[in-house]
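Me: I'm new to this one. Can you walk me through it?
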2 protein chains.
Amino acid sequence: MRNADELRSLVDDALAEYVPHADLRGLDAVVASSVEGGKRVRGALCLAVGEALGRESEELLPAALAVELVHAFSLVHDDLPALDNDATRRGRPSTWAEYGEAVAVLAGDALFAEALRLALSYDSPGVARELVDATLGMIGGQYLDISGSEHDLASLNRLKTGRLFDASVGMALEIARVPERDRARWRAFSEQVGALFQLVDDLLDGDGFAAMYGAEETRRLADAAAEHALAALAELACDTGVLRELVEALASRTA
Amino acid sequence: MRNADELRSLVDDALAEYVPHADLRGLDAVVASSVEGGKRVRGALCLAVGEALGRESEELLPAALAVELVHAFSLVHDDLPALDNDATRRGRPSTWAEYGEAVAVLAGDALFAEALRLALSYDSPGVARELVDATLGMIGGQYLDISGSEHDLASLNRLKTGRLFDASVGMALEIARVPERDRARWRAFSEQVGALFQLVDDLLDGDGFAAMYGAEETRRLADAAAEHALAALAELACDTGVLRELVEALASRTA
């Protein structure tokens with residue numbers, strides 16, 4: 001079984017070697033640059049859940065790449081001038097800043113379509129259903145955010161950030177054919193991981209929860225989410241060592 | 001068997017009653033307004049192929065709506081100021097002109113995701129694969145168009161317009177479980193229908209082929225595409241009366 005860092009590297013290497021569909025040939029370089037430099041948390045989580053359930057990472061890899069591509073799609077569109085107007089991303093020019101707005105709109109669309117192509121490489125349509133359902137929630141959350149019509153930050157984060165973490169776990173459950181009745185504990189785990197990720201993000205960026213409730217309270221909430229995530233793992237009858245390692249790394253991350 | 005106009009009405013009514021996923025609640029009105037007023041050619045084509053193959057329209061309807069939603073998604077993004085900068089669409093303000101650019105970006109994303117949710121309502125992942133594959137081609141074609149890197153208009157149209165017509169037919173073949181060996185004739189038909197649609201569009205708008213080769217030559221090419229489409233239908237061993245009617249309506253349309 002690979003450790004958490006090895007799983008991240010596996011996702012990162014596969015993304016670096018990833019060749020988009022031939023029909024997107026003009027957008028190859030844009031797509032490649034748009035996925036560069038991420039932390040690969042969502043992809044590694046998908047692989048780690050699959051490995052905990054006794055599956056090979058190779059079997060999970062298309063789903064892990066798919067969730068990373070949906071994440072990249074959301075960043076490319078969110079960075080646009082009309083939305084968050086971010087000219088930099090991961091220390092480099094964001095996609096629209098480097099290639100122009102028109103290309104960034106199309107590159108985001110292409111990343112989403114490619115994610116679906118990967119999720120549809122499985123025999124079961126359930127894998128792609130998990131991803132589409134999560135993406136709908138993410139888009140809905142982003143709309144609530146820019147329109148200012150949702151004032152409960154936790155609800156907003158469950159949509160904007162949480163749903164994609166749910167998909168990371170949910171796709172692995174689908175691939176490993178975990179029966180529906182056994183999925184609730186996994187869902188409880190993914191919900192806490194999504195909350196933990198966002199809370200630490202807010203702490204590091206000084207916005208969201210940290211801006212609203214202060215760093216100390218946000219740290220407390222993050223630690224509680226990590227604790228709940230570990231408690232959910234402890235209830236699962238499989239080797240969750242790597243998942244524990246992932247949770248601890250998310251709780252203590254500094255970037 | 002319903003005639004072509006009845007099939008269009010069926011698609012139009014279903015789109016008018018269509019309720020997006022609950023997570024998109026804030027975007028409901030935007031999504032509804034973005035799908036209003038189309039000709040429903042792609043959806044009706046999907047239903048007509050299904051009916052020719054002995055299937056009920058109701059079984060085909062999710063796929064027919066899905067292809068219309070992908071079409072609407074492409075229009076919402078293409079109309080954006082950074083792309084075609086169209087402030088009107090179907091005689092009304094385009095989505096960005098009415099709701100702002102940020103909302104239009106997200107509404108396009110939402111329409112695409114909803115299309116996939118519908119295509120994934122079938123047991124076979126093949127239906128959604130057809131749609132995703134076509135969408136990849138469409139996005140790739142749109143990129144070649146805005147970047148000016150493809151100078152062959154017919155190749156460009158095959159991607160930008162043709163691929164979605166292929167999906168209308170291809171999804172119906174998949175739902176009706178037509179064996180792969182019997183699909184080539186249907187593919188030949190859909191290719192001609194896509195070309196016919198675009199050529200008549202160019203004639204009506206005075207751009208594309210009409211601007212490059214003149215109205216007379218474009219009319220000649222459109223008539224040839226209609227003839228080839230009808231010839232492809234004549235080779236199929238099923239009742240293609242409604243499909244012939246659709247082709248003739250496309251050839252003679254004035255709007």
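Me: Which residues does L243(B) touch, not counting residues up to four places away in sequence?
Reply: This is a predicted model, where local features need pLDDT of at least 70, side-chain atom pairs count only at pLDDT 80 or more, and totals for chains, interfaces and linings use all residues. L243(B) touches L45(B), A48(B), V49(B), A52(B), W186(B), F189(B) and L233(B), leaving out residues up to four places away in sequence. Contact means heavy atoms within 4.5 Å.

Me: And which residues touch the most other members of the largest nonpolar core?
Reply: L27(A), F189(A), L243(A), L27(B), F189(B) and L243(B), in a core of 188 residues. Such a core is a set of buried Ala, Val, Leu, Ile, Met, Phe, Trp, Tyr and Cys residues joined through side-chain atoms within 4.5 Å. Buried means under 20% relative accessible area, exposed over 50%, partly exposed in between (1.4 Å probe, protein chains only). Side-chain values use heavy atoms, without hydrogens and water.

Me: New topic. What turn lays chain A on chain B?
Reply: A turn of 180°, with a shift of 0.0 Å along the axis and an RMSD of 0.0 Å. The two copies are thus related as by a two-fold rotation axis. The fit is by least squares on C-alpha atoms of residues with pLDDT of at least 70 in both copies.

Me: Which residue of chain A comes closest to the rotation axis?
Reply: P125(A), with its C-alpha at 2.5 Å.

Me: Now R158(B). Buried or exposed?
Reply: In between: R158(B) is partly exposed, at 42% relative accessible area.

Me: What does R158(B) touch?
Reply: R163(B) and E191(B), not counting residues up to four places away in sequence.

Key. Residues numbered from 1 in each chain as written. Chains lettered and ligands numbered in written order.
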